[in-house]
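Visitor: Could you take me closely through a single part of this model, the metal site, and then through the packing that surrounds the discussion of it? I would like one connected account.

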Amino acid sequence: MRSSIHNHKGQNCWMAAPIGRLAVQNYRVISEDVAAQRCEIVPTDVVEITAAHPVAVDPLNPVHDVRNCREWGERAVSLHVYSRPFNSCVVYSVEQGTCGEIGLNYTSMYGKLA
Ligand SMILES: [Fe+2]
């Protein structure tokens, strides 16, 4: 399992894995033109999230994906806390050099199911 490579629309983010573990692959954005759907990003470091080791997304390099590696052979649960809610983000393809904005959905808003 792997998320898309994405950003957080300028919001801070903290991630924890109360069950299992996850790998976060970070990327550096060399160039990004969302209107033209073109980008150049390069993989940088990988950090591991466990119950004992939560991770903060670097606000200066906020593009990443999150992976539950097949070879670990275990389930994982992640918890993400954002400084402010956002309902869209930019997703990236390293191979194609493309990016684009996608819509996101809320499970609930103000305590009520959406
Ligand atoms: Fe994320």
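**The iron site and the cores**

Guide: In this predicted model, the iron ion has three histidines as its protein donors, His6, His8 and His64, each through its NE2 atom and lying 2.1 Å from the ion. Along the sequence, these donor residues follow the spacing H-x1-H-x55-H. Histidine 8 and histidine 64 link distant parts of the chain, 56 residues apart, since histidine 8 sits in the loop between β1 (5-6) and β2 (13-19) while histidine 64 belongs to strand β6 (residues 63-67). Histidine 8 has a relative accessibility of 3%, which is under the 20% limit, and therefore counts as buried; histidine 64, at 0%, is likewise buried because its value falls under that limit.

From histidine 64 one can pass to the packing by way of methionine 15, whose contacts beyond four places in sequence include His64 itself, together with Val24, Ile49, Pro54, Val55, Val57, Val66, Leu79 and His80. Methionine 15 is also a member of the largest nonpolar core, a set of nine residues that further holds Cys13, Ala17, Leu22, Val24, Ile49, Val55, Val57 and Val66. Two elements, β2 and β3 (22-33), give two or more residues each to this core, and β2 gives the most, with three residues. Separate from this set there is a second core, made of eight residues, among them Tyr27, Ile41, Val90 and Cys99.

Notes: Residues are numbered from 1 along each chain as its sequence is written. This is a predicted model: local features need pLDDT of at least 70, side-chain atom pairs count only at pLDDT 80 or more; totals for chains, interfaces and linings use all residues. Side-chain values use heavy atoms; hydrogens and water are left out. Donors are N, O and S atoms within 2.8 Å of the metal (3.2 Å for Na, K and Ca); water is not among the atoms, so sites may look incomplete. Helices (H or I, at least four residues) and strands (E, at least two) are DSSP runs, numbered from the N terminus. Buried means under 20% relative accessible area, exposed over 50%, partly exposed in between (1.4 Å probe, protein chains only). A nonpolar core is a set of buried Ala, Val, Leu, Ile, Met, Phe, Trp, Tyr and Cys residues joined through side-chain atoms within 4.5 Å. Contact means heavy atoms within 4.5 Å.
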